[in-house]
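Q: I should like to learn how to read side-chain packing in a protein model. Where should one begin?

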Amino acid sequence: ILCGPAILSKSGVGGATVTQLVICDWYDLQLGAPEYTWRSQPIRRTLRRELEFREIIVFASGEGRITVTLTGIDGITVSETVEVNSTQVHAYRVPTSIRGQDIIVDIASIATAQSDPAPSLHRLRFGHRTTTQIAQ
């Protein structure tokens, strides 16, 4: 429960602003949003070397889909999607192939139905190795 006076303003019909005084609002912390996203900082393992990702392991529960996108500093992108349908945490292994520097990870989780919570991501692992040295 979120209590305390708060003034909410939003645009109404014809661009007019509608203002409401909210004294108390209820949020169910056990019920998740129907979708969420997350973005990492660049993964930088070593200087002047590339990372080669070969596998993504998603530990998740719920119902819906989780998409993991890997993007290198050079703009090369690969996306892998996992269909999640388990009340218990389950490991989903997905082969992938991307090689680059300073890889950024984007995660999107979307529920099967808009009225349901998005699948929960419990852990994310990567099968990767450090590759050859890059010239400066």
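**Aromatic pairs and the nonpolar core**

A: This is a predicted model. By the rule used for ring pairs, the count comes to one aromatic pair.

Q: Which rings form the pair, and how are their planes set?

A: Two rings whose planes are over 60 degrees apart count as edge-to-face. Here the planes of Phe 53 and Phe 126 stand at 85° and the ring centres are 5.2 Å apart, so this pair is edge-to-face.

Q: Which parts does the pair tie together?

A: Phe 53 belongs to strand 4 and Phe 126 to strand 7 (residues 120-133), so the pair ties together parts that are 73 residues apart in sequence.

Q: Is Phe 53 buried or exposed?

A: A residue is buried under 20% relative accessible area. Phe 53, at 2% relative accessibility, therefore counts as buried, whereas Phe 126, at 22%, counts as partly exposed.

Q: How should one read a nonpolar core, and which residues have the most contacts inside the largest one?

A: In soluble globular proteins, nonpolar side chains tend to be buried together. The largest nonpolar core here has 17 residues, and Val 58, Ile 66, Val 68 and Leu 70 have the most contacts inside it. Strand 4 (49-71), strand 5 (77-100) and strand 6 (104-111) each give two or more residues to this core. Strand 4 gives the most, with eight residues.

Q: What is Leu 70 in contact with, leaving aside its neighbours within four places in sequence?

A: The contacts of Leu 70 include Phe 53, Ile 98, Val 105 and Phe 126.

Q: Which residue lies over the face of Phe 59?

A: Arg 123 lies there, at 4.6 Å from the ring centre of Phe 59.

Methods:
Residues are numbered from 1 along each chain as its sequence is written. This is a predicted model: local features need pLDDT of at least 70, side-chain atom pairs count only at pLDDT 80 or more; totals for chains, interfaces and linings use all residues. Side-chain values use heavy atoms; hydrogens and water are left out. A nonpolar core is a set of buried Ala, Val, Leu, Ile, Met, Phe, Trp, Tyr and Cys residues joined through side-chain atoms within 4.5 Å. Buried means under 20% relative accessible area, exposed over 50%, partly exposed in between (1.4 Å probe, protein chains only). Helices (H or I, at least four residues) and strands (E, at least two) are DSSP runs, numbered from the N terminus. Contact means heavy atoms within 4.5 Å. Rings of Phe, Tyr and Trp (its six-membered ring) pair if their centres lie within 6.5 Å; planes under 30 degrees apart count as stacked, over 60 as edge-to-face and the rest as tilted. A charge sits over a ring if NZ of Lys or CZ of Arg is within 6 Å of the ring centre and within 35 degrees of the ring normal.
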